[in-house]
Amino acid sequence: MRRHTVGVMSSGQMMGNAARSLGTAMTEAVTTYYSGQDMQTAQTIRNAESDSEATDIVRAMRQGRAIDTLMVAASAASGAVAGALLQRTLGNPSMYGVSPVGGLGLLTMLAGLAAPLGLPGRAALVAGGATYLAGAQLYSHLFPKEPAP
């Protein structure tokens, strides 16, 4: 019997090609995912050469990027500061011990829940709104108004 040997690769060549292919597929899938190209991302995952490759692509997308985490943290920090500053600027209003200024934070949180954005953008809105509300409320409690004479 004669074997067909055209196009036969060594195991090292096969591993090298697989690693190159996986790296390229992951990079393309994650890039298109963050560009908002859902159809192309789905096709890249579907065309993955193995379940492991597809799993790696999905894991990289789920993990997110460091910039996403920094964006959520910056939104949260600036929300707390903005809430406290507006509470102070408006003369520290309070109704039954609750800051009405914090209502703006609630609106931002609702916008984050309903916005047609990616998860990092929605998380930034919700975190910023929640800490805005907390900043306004904390300022109200830490610096209560003095009763009128």
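In the predicted model, the cover over the buried residues of helix H6 includes helix H4 (66–89) and H5. The buried positions of H6 comprise Ala124, Ala127, Gly128, Gly129, Tyr132, Gly135, Ala136, Gln137, Tyr139 and Ser140. Helix H6 itself occupies residues 119–142, and because a rise of 1.5 Å a residue over its 24 residues should give a span of 34 Å, the separation of 33 Å between its end C-alpha atoms agrees with that expectation.

One of the buried residues of H6, Tyr132, is also in contact with Leu104, a residue placed in helix H5 (residues 103–114). When neighbours within four places in sequence are left aside, the contacts of Leu104 are with Leu86 and Tyr132. Leu104 and Tyr132 lie 28 residues apart along the chain, and their C-alpha atoms are separated by 7.8 Å. Leu104 counts as partly exposed, because its relative accessibility of 44% falls between the limits of 20% and 50%.

At the level of the whole chain, the secondary structure amounts to 6 helices and 0 strands, with the elements running α-α-α-α-α-α from the N terminus on. Of the 149 residues of the chain, 24% count as buried, while the chain exposes about 10,400 Å², of which carbon and sulfur atoms supply 64%. Among contacts between residues at least 6 apart in sequence, 66% join residues at least 24 apart.

Conventions
Residues are numbered from 1 along each chain as its sequence is written. This is a predicted model: local features need pLDDT of at least 70, side-chain atom pairs count only at pLDDT 80 or more; totals for chains, interfaces and linings use all residues. Side-chain values use heavy atoms; hydrogens and water are left out. Helices (H or I, at least four residues) and strands (E, at least two) are DSSP runs, numbered from the N terminus. Buried means under 20% relative accessible area, exposed over 50%, partly exposed in between (1.4 Å probe, protein chains only). Contact means heavy atoms within 4.5 Å. Accessible areas come from the Shrake-Rupley method with a 1.4 Å probe; for residues, only the protein chains shown count as cover. The expected span of a helix is 1.5 Å times one less than its number of residues.
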